[in-house]
Amino acid sequence: MFRNRWAIRTALLIGAIAGVLAAGGGVFTASVEAQKTTTRHEVRPGELDDYYGFWSGGQSGEIRVLGVPSMRLFKRIPVFNIDCGSGWGITNESKALLKGTFVGDTHHTHGSYKNGTYDGKYLFVNDKANNRLARIRIDLLETDAIISIPHCQGTHGTFPQRFPQTDWLVMNSEFQVPLTNDGTGDMRNAKAYSGVHTIIDAQKMEVVCQIVVPTNLDLAATDYKGLYSFATSYNPENGATVSEMLANDRDYLVVFNWEAIRAALKGGTYKVVNGVKMLDGKPGSSLALYIPVPKNPHGVNISPDGKYAVCSGKVSPTATVVEIDRIADAFAGKIKPMDCIVAEPEIGLGPLHTTYDGRGNAYTSLFIDSQIVKWNIQKAIDIYKSQKKGETAVVDRLDIHYQVGHTMASMAETKEADGKYLISLNKISKDRFLNVGPIKPENDQLVDISGEKMVLVEDEPAYIEPHDCIMVRRDIIEPLVKHRPRMDEHPLATTKSSVERKGNKVTVRLTASAPVYGMQEVTVNQGDEVTFIVTNTDEIPDLSHGFCVSNYNVNFVVGPYQTKSVTFVANKPGVHWIYCTNFCHALHLEMRMRFMVKARAKA
Ligand code: CUA
């Protein structure tokens, strides 16, 4: 019976997706109703926001820090990219983490947890393009670690452990590849490809192990008890084309059993491949449970009470509600995996991601309908149980503009979901902003969800392509963010300027204190390898200095008490002014020094 139902819907939906993409979406008019809500819609000059928003930055390879509800952009944290606003990708410190790869694709930013809510220590973000994970220190809002994930391609779903604290973090491979992917064997045989669910030690930033599965793994989540991690899977067909990936009527929500994984690691039931412990997570194994869900699921999000995992299939008009407490019985073989499903409400076309208000309601993004749909979880369960026809769990619908991908409510990925604001991260802004050419901004819409009905508050153009975000209460983050690090945190910090020469290697230690560098000039020989170590000795918050070497591809900024270094070969003879790029003082323009490179004697 399922077969036909899903097959028909799928056909309709695929047609609908094609139609919508071709037409670029329908035209809706938003009705902003005058309505009593408990949240504010305006942040006046001089006032501060209530939430830190952490947006992943897509192709930019960065994380963005916004204020909510103002939607003001405060900072772009460079992660996998090059940014002269800090010198990321230019300084020796950042190059050591980037290891020569300056292209990134960040999708999912999440915070570290303690007891089911954010502890304010770290942010994590994936790089889908080059299969990396980065960690950002919240106290400085700067990247402090980057690791590569082996055997993993399309490194997508990323989620930290929520309970008791973030010791582990999981990452999924959206693309299956040969294991190992070294160009030997029959590369064309996609049926032999594997996916991996990678477990990472979030403190050490090291791979703990990988669970190998015969499918792909898309988005990720963890539960609120430290028992399971989740992954949606849309390509158990191991297809390499769209039609092959759409062949099965049902795909899977895969649940990974952490107790069983720990036991397997302890018991040694793994293979070591390229130094990584690889565990077998095929269907029927004790490590992974495959719950059949309507085909091609995308998002999976856990309700803030920890009870339910909700996933939705892009080509099915439903959400699937899995009761997490039933999973143990399914692993034990007492019930079928499918019996973990307690509701499948019909909510609309193209459901992708679900978020929560902490009051029992779920909000799902509908890509094709261009809507956020609000539905009641308990009502959906009651309807499913009673098989009542004609009843709906849907409470409200809001037209968005247009084609929403992720949606996220304030604090919704914690047990402290507060149901105040929701962001609809829309892929297409179309006619909502001034035309800026073929590549247009996206449209992040802020929605007030504190009342019964959703209220659209703001349109905010977003530089492509944010993907996902979280909104964290200000009191969790703000007290922990420092105005400056300890100066001695950098081992090369210097309070005295000096030049040291060893053969053709020249090391210049340089202080920067408004409006002067610690030296007025440095002379080197053409061909010398020069290292500048620059410490900003100004302790005043907000007083940053730039360090730009004219003609030398070097430009970075050093914040108060920070030290950054750069090494390059002085291959261009002549006088090259080093100047401060940050307006730091009335005499900022005079904050410069001569870098003189003596020409090599002509042979
Ligand atoms: Cu230092 Cu401008």
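In what order do the four strands of the open sheet with E18 come? That was my opening puzzle today, and I kept in mind that this is a predicted model.

**Entry 1: the sheet with E18**

I traced the strands and got the order E18-E19-E20-E21, with antiparallel pairing in an open sheet. Next I checked the edges. Strand E18 (297-302) and strand E21 (341-343) sit there, and each has a single partner strand, so one side of each has no neighbour in the sheet. I also looked up the twist: neighbouring strands here are turned by 30 degrees against each other on average, direction ignored.

Then I zoomed in on one pair. Strand E19 (residues 308-313) and strand E20 (residues 319-323) run antiparallel, and five bridges join them. In that pair I found Val-310 standing opposite Val-321 in E20.

**Entry 2: a helix on top of my list**

What lies across E19, E20 and E21? I found helix H6 (residues 377-386) there, and its direction makes an angle of about 105 degrees with E21.

**Entry 3: the sheet with E4**

I moved on to another open sheet, where four strands follow the order E4-E5-E6-E7 with antiparallel pairing. Why is one side of E4 and of E7 left without a neighbour in the sheet? Strand E4 (109-114) and strand E7 (142-148) stand at the edges with a single partner strand each, so one side of each stays unpartnered in the sheet. The average turn between neighbouring strands of this sheet is 30 degrees, direction ignored.

Last check of the day: E4 runs antiparallel to strand E5 (residues 117-127), and I noted five bridges between them. For Lys-114, the bridge partner in E5 is Thr-117.

Definitions and conventions. Residues numbered from 1 in each chain as written. Predicted model: local features only at pLDDT ≥ 70, side-chain atom pairs only at ≥ 80, totals over all residues. Heavy atoms only, no water. Pairing = 2+ DSSP bridges. Helix = DSSP H or I, 4+ residues; strand = E, 2+ residues; numbered from the N terminus. Axes fitted to C-alpha atoms, helices over the stretch in contact; angles between N-to-C directions. Contact = heavy atoms within 4.5 Å.
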